[in-house]
Amino acid sequence: MKAHRPTPPAHCSFDPEDWLRLARCWHPVARACDVDNKPHKAVLLDEPLVLYRINGQAVVARDVCPHRGVPLTLGFHDEAGIICPYHGLRFGEDGRCNRIPASPDQPIPAKLNLMTFPVEERYGLVWTCLAPDTDNPAPLPTMPRWHDAAFQQINCPPFDVNGFAGRQVEGFLDVAHFAWVHSATFADPDNSQVPDYSPQETDYGFTADYWSTVSNYPSGAEDRAPPDFRWLRRFEMHLPFTATLTVHFPGEDRLVIMNAASPVSARKTRMFAPIARNFDLHIPVGEVHAFNLRVFEEDRLMVETQRPEKLPLDLTLEAHIPADRSSIAYRRGLKKMGFGEFFLV
Ligand code: FES
Ligand SMILES: [Fe+2]
């Protein structure tokens, strides 16, 4: 793999220092099932990427042909790799150039290889890291129950939000908006009070156990919880942009949702949502996708219209209510990672 000199891309919408901090972390860029032998386009932190699969192995590279800079995502593929549309250079395993049609008998210089990035496939997603820090590698977020044989794994289609990933993630952690934004899907408009909870710091962010009487059954469906059942929602925040929520249904029934926000730019976010559950397994997966999409859609208007667009890490710049303990823990965690003024714009 060719070493990548980590520099922010042209027209980067992030502050360069914050870009580098974000580029050291793992982010999802596609569902694994959406990446095959064809060139597949993704954008991460303003960097256009091409993804493809060769001999089963996913490759993530800059979407720039090393010959004359044409995007490979405009190209084609055959069994041996992806092909640039301009002069037909072909790139296969690890982004290595394996054919130059104009000079087929000459050796291929290493300079003609694609600039690739590390790849991990986990939770049905392809993750990458644009500027790996070899001395202090970033951990990949973990997802409870995904590997548990009793659980079904579901991967919702990606969902694009015209807003900053930090605002979207903060919204996922926010329990006070359920009664206002989600009463058409699961919440109860008459149950808006937020009981006390206290986030606990961890190595990767924080967890928050939130107990309330807000049901998680879809609105209109039969509520199978005993009267006064107290629902536990366990949030696990992996800084900067991945959170998982485990909803404890009655008995041993559990629903785990990962909210993995991929920062396309400072103003665009692609949401990935792997889900694991051990009940209602007869309900078609399409219904789970549709329900999840409705919940994300309900959030859209809030996340896309908040001002400032980014996330003020200086806590004095916005007003807070007691229900915001997770939001405050989130901002403190980001601040501790060193993120700066960029989050204020
Ligand atoms: S620009 Fe890609 S082959 Fe020439
Ligand atoms: Fe929400």
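## Salt bridges, domains and an iron site in a predicted model

The structure holds 22 salt bridges, and it should be read throughout as a predicted model. Three of these pairs are set out in the table below, followed by where their partners lie.

| Salt bridge | Closest N to O distance |
|---|---|
| E121 and R53 | 2.9 Å |
| R90 and D78 | 2.9 Å |
| R145 and D148 | 3.5 Å |

The salt bridge between E121 and R53 links distant parts of the chain, since E121 belongs to strand β10 (residues 119-122) and R53 to strand β3 (residues 47-54), 68 residues apart. E121 has a relative accessible area of 37% and is therefore partly exposed, whereas R53, with a relative accessible area of 15%, is buried. In the pair formed by R90 and D78, R90 lies in strand β7 (residues 90-91) and D78 in strand β5 (residues 76-78), so this salt bridge ties together parts that are twelve residues apart in sequence. Both R90 and D78 are buried.

R145 and D148 also meet through their side chains, and here R145 is partly exposed at a relative accessible area of 36%, while D148 is partly exposed at 29%. Elsewhere, R167, E170, E318 and R331 are joined into one network by salt bridges that share partners.

The protein is divided into domain 1 (16-128) and domain 2 (152-343), and the centres of the two domains, taken over C-alpha atoms, are separated by 32 Å. Their contact takes 18 residues from domain 1 and 22 residues from domain 2. Between them the domains bury about 1600 Å², of which 65% is on carbon and sulfur atoms. On the side of domain 1, the residues D18, L22 and R31 supply 32% of the area buried against domain 2, more than any other three residues. Across this interface the rule finds zero salt bridges.

The iron ion (ligand 2) is coordinated by NE2 of H177, NE2 of H182 and two OD atoms of D299, at 2.0 to 2.6 Å. Along the chain these donors follow the spacing H-x4-H-x116-D. H177 sits in the loop between α2 (165-173) and α3 (178-181), and D299 in helix α4 (residues 285-305), so that distant parts of the chain, 122 residues apart, are linked. Both H177 and D299 are buried. Why is the arrangement of the four donor atoms around the iron ion (ligand 2) irregular? The arrangement is irregular because the donor atoms subtend angles of 55 to 150°, while a tetrahedral site would need all angles to lie between 85 and 135 degrees.

Some backbone details also deserve a careful look. Most residues other than glycine have a negative phi, and most peptide bonds are trans. A cis peptide bond, with omega about 0°, joins L239 and P240, and P240 lies in the loop between β15 (231-238) and β16 (242-248). The peptide bond from R307 to P308 is cis as well, with omega near -10°, and P308 is placed in the loop between α4 and α5 (325-336).

Positive phi values occur at H11 and R145. H11, which is not a glycine, has a phi of about 60°; H11 is found in the segment before α1 (16-23) and counts as exposed because its relative accessibility is 77%. R145, already met as a salt-bridge partner of D148, has a phi near 75° and is located in the loop between β11 (125-128) and β12 (152-161).

Definitions and conventions
Residues numbered from 1 in each chain as written. Chains lettered and ligands numbered in written order. Predicted model: local features only at pLDDT ≥ 70, side-chain atom pairs only at ≥ 80, totals over all residues. Heavy atoms only, no water. Donors = N, O, S within 2.8 Å, 3.2 Å for Na, K, Ca; no water. Tetrahedral: all angles 85-135°; square planar, octahedral: opposite > 155°, others 65-115°. Helix = DSSP H or I, 4+ residues; strand = E, 2+ residues; numbered from the N terminus. Buried < 20%, exposed > 50% of the residue type's maximum accessible area, 1.4 Å probe, protein only. Domains from an automatic or database assignment. Contact = heavy atoms within 4.5 Å. Buried area = accessible area lost by both parts, 1.4 Å probe. Salt bridge = Lys/Arg side-chain N within 4 Å of Asp/Glu carboxyl O.
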